[in-house]
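Q: Could you take a close look at one part of this model for me? I'd like to see how a couple of serines sit, and then how the nonpolar core is put together.

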Amino acid sequence: MAKNTNSDHQLPESIQKRLQQYALITGAGLAAAAPAKAGIIYTDVDPDVDVSLSNFSIDMNGDGITDFTLRHYGYSYMGTFGFSSAFRTARLDAGLGNQVMMPPLYGYGAAALNYGTPIGPSGAFSPFSGFMASYFMFYSSYGGFSSSYGPWSGVGERYAGVSFQIGPNIHYGWIRMEVGSGINQVTIKDFAYDDVPNTPINAGDATPAAFKATMLMADDIADAGDATDLELSFTMADDEATVGEYRMIVHKASADPLLLADAEALPAARYTAMAPTGSDVITTFPGTAQDTDGDLVIPGVAYRCYVMSTPDGVLALRAALSDPSNEVTLLANASPASNVQATDVANTNSGEDMQVSFDPAPFESSVGEYRIMVVETADAPGFNLAAANAVVAGNYTQVAPSGASVNVLLPTSAKTVDGTFIESGTPYTIFVLSVADGTVAQSNVLSTSTFGITLELTSSLPGFAEGGPKAWTAEGRLFWTSDHGGEYRFIGLDGRVIDQGQY
């Protein structure tokens, strides 16, 4: 059954949608109805008609006169010794006084127009040939070849632009068709024309479209380092009955704005589908979500989101694309160091008395460097990430990631985060700032603190086993001794045993 409707552009879209649903049936399989007032007359071929190896007559205005004929014809032959051949052609032929819009590339035949292409007096039309596409194949035991050519070859669903006569007047319209691969199938879906003589029309005008999602808002809500950090909210379509599904799309903000045709062509991996829920939507993307280029959604890239409403197939036959969301760039935290410890190992009344150790970040690829920060314990409760990010160079000790646990002696010149030299007798608390690498992560993260440590000075070293050799280590800080039983001890200058065992 075909639905023939009049579109009044001055009515609200929701009212137009309801007016576009009435239909009449004729013996030719098409319905026509006189418009209530001037406007675009739309006819839905419902269901779509497969014209394979047959003809289909198109009466644009329902006056009983065939204006155009869609033809599909050809042959297939299978012979002996592996010989086979095939030929298929699709064409749209115009009735007397009518014409088909030609493509500039070929200079003849029926142009395969994209949605929105203007069709009007300025277009190039021809009454002689509505050639769309042809396919030829020949194979034998010695080899063979196949060829497909023409403006509709390999392009799928497109629109033909037409001009035709109603009495003495010329009217412009479009016919939506799809040519299958190898020109093996031709399907007609719908058509429309403008009731006002000599008035241009755009390809696809008046096709009932699904209602759009509105008020898109994108936000960075987490720090997983993937698309689960991206939250999208939007207001549901005004008439959700027209929507088959919502397709949520992530598009790089640096790229050109996304067009409806590009959104419709996206493979399933490059959008996230959601069924209408009857309410506004707040959701996040899966961690494996891809953007329109097929790249994973990651931190550090600016994005905009779109929502495409696919048609339900009854009230709406065409998709609709929302306006873009705000721009959002996901920020991921660097991975934190852990198990931060501090030990008093020397007797110099400086930073060299303090040895700091910690376990590396579990995801060290997110860390550009570690910064060891010494805070007076009295100030530690108020020391947070913002305060750590504000500490100037010279007031922390840098350590490069190595993939291993860190055990480092602070330099003599080491200072607290406030810029005072480290000294004995003052309680300190140690933090480690993981600085984001800028690629995997964009935000720094602060470790939990150590328990407080107070450096102490001792006046002398205790004695150890008599008769054993004694030596300074290469660093000049640790004292080595052993007795005749094969035991060794490493002793700090403050007199504490740091390590001992058998050798």
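A: Here's a walk through the two serines and then the core. Keep in mind that this is a predicted model.

Let's start with Ser-84, which sits in strand β5, spanning residues 84-94. Its relative accessibility is 9%, and because the cut-off for buried is under 20%, Ser-84 counts as buried. Skipping neighbours within four places in sequence, Ser-84 is in contact with Tyr-77 and Met-78, and also with Met-137, Phe-138 and Tyr-139.

Now for Ser-146, which belongs to strand β10 (residues 143-149). With 40% relative accessibility, Ser-146 comes out as partly exposed. Leaving out residues up to four places away in sequence, Ser-146 touches Tyr-135, Phe-136, Met-137 and Tyr-139. So Met-137 and Tyr-139 turn up in the contact lists of both Ser-84 and Ser-146. Ser-146 also has a long-range pairing to check: Gly-182 is 36 residues away along the chain, yet the two C-alpha atoms are separated by 9.2 Å.

On to the core. The largest nonpolar core has 30 residues, and Leu-92, Ile-175 and Ile-188 touch the most other members. At least two residues of this core come from each of β2 (40-50), β3 (55-58), β4 (68-78), β5, β9 (131-140), β11 (157-166), β12 (169-179) and β13 (186-194).

Zoom in on Ile-175 and, beyond its neighbours within four places in sequence, you'll find contacts with Leu-92 and Ile-188. Its other partners include Ile-58, Met-60, Phe-68, Tyr-159, Ala-160, Val-162 and Phe-191, and Arg-158 and Asp-190 are on the list too.

Note on methods
Residues numbered from 1 in each chain as written. Predicted model: local features only at pLDDT ≥ 70, side-chain atom pairs only at ≥ 80, totals over all residues. Heavy atoms only, no water. Helix = DSSP H or I, 4+ residues; strand = E, 2+ residues; numbered from the N terminus. Buried < 20%, exposed > 50% of the residue type's maximum accessible area, 1.4 Å probe, protein only. Contact = heavy atoms within 4.5 Å. Core = buried A, V, L, I, M, F, W, Y, C linked by side-chain atoms within 4.5 Å.
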